[in-house]
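Here's a quick briefing to read alongside the model. Take a look at the fold first, then skim the bullets by topic.

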Amino acid sequence: MKTFVKPQNLNELLKYIDEQRENYVFIAGGTDVVSAIKKGLEKREHFIDLSCLKSSLSYIKNEKDSIIIGAMTTFNQIQESAVVKEFIPDLIYAAKTIGGYTIQNM
């Protein structure tokens, strides 16, 4: 039986991950995942929708020797980031190749 959960905050997300431990997939919209389920290509049973966590998981940070990009950061945010432009400009090119304008902003 497939289950879908939509945590409202990071604590709920971490609790679910801790309880489930495996066999889950993160979604943020889920268009590709729903298609894969219908085709029988997605075998995992548990789905975690991150859409309510956009404000918590959308960021680009330069911390010491690392650039950290949040899970809900859009491709458009990557393209516009001064940090990315300075340290990993090839990522801007890659972000431009993913989907169209609408997808890049989701």
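**Salt bridges, and then the rest**

Lys15 and Glu19 make a salt bridge, with their closest N and O atoms 3.9 Å apart. Keep in mind that this is a predicted model. The structure holds 2 salt bridges, and the other one links Arg44 to Glu42.

**Charged pairs**

- Side chains of opposite charge can pair when their charged atoms come close.
- Both Lys15 and Glu19 sit in helix α1, which covers residues 10-20. They are 4 residues apart, or about one turn of the helix.
- Lys15 is exposed, and Glu19 is as well.
- For Arg44 and Glu42, the closest N and O atoms are 2.7 Å apart.
- Is Glu42 buried or exposed? Glu42 counts as buried because its relative accessibility is 12%, and the cut-off for buried is under 20%.
- Its partner Arg44 has a relative accessible area of 33%, so Arg44 is partly exposed.

**Overall layout**

- The protein chain has 7 helices and 5 strands.
- Going along the sequence, the order of elements is β-α-β-α-β-α-β-β-α-α-α-α.
- Taken along the principal axes, the C-alpha atoms of the protein chain fill a box of roughly 45 × 30 × 20 Å.
- The protein chain has 106 residues, and 27% of them count as buried.

**Around strand β2**

- Strand β2 spans residues 24-27 and has two faces: Val25 and Ile27 are on the covered one, while Tyr24 and Phe26 are on the uncovered one.
- How do β2 and β3 pair, in the parallel or the antiparallel sense? β2 and strand β3 (residues 46-49) pair in the parallel sense, over 4 bridges.
- Within that pairing, Val25 stands opposite Phe47 of β3.
- Helix α2 (residues 31-38) joins in too: β2, α2 and β3 make up a right-handed β-α-β unit.

**Aromatic pairs**

- A pair of aromatic rings is described by the distance of the centres and the angle of the planes.
- The count here comes to 2 aromatic pairs.
- One of them is Phe4 with Phe47, a stacked pair at 4.8 Å centre to centre with 15 degrees between the planes.
- Phe4 belongs to strand β1 (residues 3-5) and Phe47 to strand β3, so this pair ties together parts that are 43 residues apart in sequence.
- What about cover for these two rings? Phe4 is exposed, with a relative accessible area of 52%, whereas Phe47 counts as buried at 0% relative accessibility.
- Tyr24 and Phe26 pair as well: their ring centres are 5.4 Å apart and their planes are at 70 degrees, so the pair is edge-to-face. An angle over 60 degrees is what counts as edge-to-face.
- Tyr24 is partly exposed, with a relative accessible area of 21%, and Phe26 also counts as partly exposed, at 39% relative accessibility.
- These are the residues on the uncovered face of β2.

**A nonpolar patch**

- Which residues make the nonpolar surface patch? Phe75, Ile98, Ile103 and Met106 make it, and the patch is about 360 Å².
- Ile103 is found in helix α7, which runs over residues 101-104.
- With 46% relative accessibility, Ile103 counts as partly exposed.

Terms used
Residues numbered from 1 in each chain as written. Predicted model: local features only at pLDDT ≥ 70, side-chain atom pairs only at ≥ 80, totals over all residues. Heavy atoms only, no water. Buried < 20%, exposed > 50% of the residue type's maximum accessible area, 1.4 Å probe, protein only. Pairing = 2+ DSSP bridges. Right-handed = clockwise from strand over helix to strand, strands pointing away. Patch = residues over 30% accessible without salt bridge, like charges linked within 9 Å, V, L, I, M, F, W, Y side chains within 5 Å. Areas by Shrake-Rupley, 256 points an atom, 1.4 Å probe, with all protein chains shown as cover. Salt bridge = Lys/Arg side-chain N within 4 Å of Asp/Glu carboxyl O. Phe/Tyr/Trp six-rings, centres within 6.5 Å; stacked < 30°, edge-to-face > 60°.
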